[in-house]
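Student: Could you take me through one part of this fold up close? I'd like to go strand by strand, then see what packs against them.

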Amino acid sequence: MPEVVLEKPTQSELTSAVANLKGGETIRIREVVSVNQEEGKKTERDVLMTLASSGLVNLQKVSSKPSDSSQQEIEIVATKPTWESGASSSLSLKPSTQKKTWSLPSDDEDDDLINEDDLLDEQDLLKPAKKDDCEVGKDGKRSACKNCTCGRKEELEAKPDEPTKSSCGNCYLGDAFRCGSCPYLGKPAFKPGEKVELSLDSVDI
């Protein structure tokens, strides 16, 4: 079959010509393209992209000559591949018969390992001091020792808190009548003048 030559083909003409080609046959395209990359003008890159998107390979510009100061005539030869679009081929992958096993290190390899106990010094082996180091007195209660570090000494020396005073006068009525900063929030209602003790036992310090 003689080589196909197309002069400034449209997209439909190019598609029809490529469809009639056999694998390995070539086609020659002649086009006039813009030299200065003017907007809206066809360039050499546009022609190459059109040929590649049509399924042609081995694109080669064989000649070019100026037609005027802003355009040139180019000639491109391309080939239709021997494989068809959508062609597939099966791969024969044989499963490996070699079994993968885990192996434990021998006794000789253990010589390079470091004993973690050797990384500890005497300070690391000491037991931590108790948080409450005060002793129990004869009355069965703990008293602050001379070098108290647990805070019991400061707690015993602290002055007793003054009775809590109500700023709104509605504290005894219950939470529904108490203000947002009321110290009795969460406590049951009580009689006016009744002493209410606030326990901090449930608060984590």
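Student: How many bridges join β3 to β4, and do they run parallel or antiparallel?

Tutor: Quick housekeeping before the answer: this is a predicted model, where local features need pLDDT of at least 70, side-chain atom pairs count only at pLDDT 80 or more, and totals for chains, interfaces and linings use all residues. Residues are numbered from 1 along each chain as its sequence is written, and side-chain values use heavy atoms, with hydrogens and water left out.

Now, your strands: β3 and β4 run antiparallel, and seven bridges join them. Helices (H or I, at least four residues) and strands (E, at least two) are DSSP runs numbered from the N terminus, and two strands pair if DSSP finds at least two bridges between them. For one of these bridges, look at Ser63, whose partner in β4 is Glu75.

Step back and you'll find an open sheet of four strands in the order β1-β2-β4-β3, with mixed pairing. β1 and β3 (57-66) are the edge strands, each pairing on one side only. On average, neighbouring strands are turned by 20 degrees against each other, direction ignored. Axes here are lines fitted to C-alpha atoms, for helices over the stretch in contact, and angles run from 0 to 180 degrees between N-to-C directions.

Next, the helices. α1 lies across β1 and β2, running at about 175 degrees to β1. α2 packs on the sheet and touches β2, β3 and β4, its direction making about 20 degrees with that of β4; contact means heavy atoms within 4.5 Å.

As for the core, the largest nonpolar one has 15 residues, and Val4, Leu6, Leu14, Ile27, Ile29, Leu51 and Leu56 have the most contacts inside it. Such a core is a set of buried Ala, Val, Leu, Ile, Met, Phe, Trp, Tyr and Cys residues joined through side-chain atoms within 4.5 Å, with buried meaning under 20% relative accessible area, exposed over 50%, and partly exposed in between (1.4 Å probe, protein chains only). β1 (4-7), α1 (11-20), β2 (26-34), α2 (44-53) and β4 (71-79) each give two or more residues to this core.
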